[in-house]
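Here's a quick look at where a ligand sits. Keep the view open as you read.

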Amino acid sequence: MGAARPRVDLHTHSTASDGTDTPAELMVRAGEAGLDVVALTDHDTTAGWGSAAAALPQGLTLVPGLEISCVSTLGGRSVSLHLLAYLVNPDHPPLAAELAALRESRLGRGEEMVRRLRAAGHPVTWSRVEELAAGGSVGRPHVARALMDAGLVPSVEAAFRDEWIGHGGRYWVPKVDLDPVHAVRLVAEAGGVSVFAHPLASARGPVVGEEVIEAMAEAGLGGIEVDHPEHAPEARRRAAQIAVSLGLLATGSSDYHGTSKPQGLGAETTDPGVYAALVDRGTGSAPVRG
Ligand code: AMP
Ligand code: FE
Ligand code: FE
Ligand code: ZN
């Protein structure tokens with residue numbers, strides 16, 4: 001145990017999706033950052049779990065997780081949202097099938113964005129995007145880096161503006177995502193605990209109303225992220241209130257993506273008591289202690 005009070009970061013990305021550290025590098029860095037517990041939560045995949053577990057430094061605990069792409073269509077509005085899932089059984093057939101479909105949709109949608117960019121004369125290639133994705137879940141950050149390599153944008157951030165691939169932007173193409181209530185049930189069936197990621201991060205695009213969070217809570221949602229780098233103080237206050245009123249765990253996490261995002265590992269953390277409650281509820285897989 002590094003410190004008297006364990007430091008718990010429940011949301012990180014590796015090269016299994018849109019992070020820039022391999023799962024093994026991520027574990028080493030998490031140890032160096034003084035974390036005691038780190039969850040690996042790649043987008044729509046559990047592919048990094050094995051190599052992360054194999055690289056755990058002594059004293060660091062890995063919580064196997066993932067972040068499931070969802071879309072809420074309640075009230076005729078289409079809002080994308082992310083559901084963190086911890087301690088699921090990765091071989092639960094319905095979950096594994098849905099995740100495979102989500103990754104497939106990411107591929108086709110990535111190719112379509114590149115096709116539209118090329119049709120408009122921008123010199124990005126699908127092979128470069130594939131190379132950047134390195135066999136992991138393909139995401140907009142890979143397309144963003146290809147745009148950067150081609151000298152079309154100065155940063156990954158800049159590619160997320162409306163002129164490029166930001167939500168609803170000129171070259172943005174939606175993916176086929178899961179209904180959040182269905183996803184919450186699926187995670188529970190797979191023995192996992194679900195946490196609504198960055199529910200009020202409005203700079204990324206529209207966020208859902210509280211009625212969606214209520215419906216997810218009724219379906220078995222375990223918690224919501226309160227402390228997140230993209231939550232302003234007011235968003236944190238509101239998220240904390242929602243957690244209390246719906247009886248949900250309130251987590252905090254960095255959402256580390258390596259060099260794709262500014263925040264470091266452990267930039268936000270989860271209360272150790274909340275972490276213990278979360279582990280108590282997960283039965284599909286177990287934390288791995290290095
Ligand atoms: P995708 O899942 O392919 O739609 O891509 C969404 C991912 O892009 C998120 O998980 C973030 O990692 C990243 N992202 C979203 N908005 C931004 C932004 N404004 N700047 C940089 N990265 C972003
Ligand atoms: Fe991401
Ligand atoms: Fe997310
Ligand atoms: Zn994330």
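The shell around ligand 1 draws on two domains of this predicted model: domain 1 (8-101 + 175-289) and domain 2 (106-159) each give at least three residues, with bounds from an automatic or database domain assignment. Helix H3 (93-119) and helix H5 (140-149) each chip in at least two; helices here are DSSP runs (H or I, at least four residues).

In total, 14 residues are around ligand 1, meaning a heavy atom within 4 Å. His 43, Arg 109, Arg 140, Glu 157 and His 257 come nearest. Three polar contacts (N or O pairs within 3.5 Å) reach oxygen atoms of ligand 1:

| Residue | Part | Distance |
|---|---|---|
| His 43 | side chain | 2.9 Å |
| Arg 140 | backbone | 2.8 Å |
| His 257 | side chain | 2.9 Å |

The protein covers 90% of the 500 Å² of accessible area that ligand 1 has on its own (Shrake-Rupley, 1.4 Å probe).

Residues are numbered from 1 along each chain as its sequence is written, and chains are lettered from A and ligands numbered from 1 in written order. Local features need pLDDT of at least 70, side-chain atom pairs need 80 or more, and totals for chains, interfaces and linings use all residues, while side-chain values use heavy atoms, without hydrogens and water.

Note on methods. A polar contact is a pair of N or O atoms within 3.5 Å; within protein, one must be able to donate a hydrogen and the other to accept it, and residues adjacent in sequence count only if both atoms are side-chain atoms.
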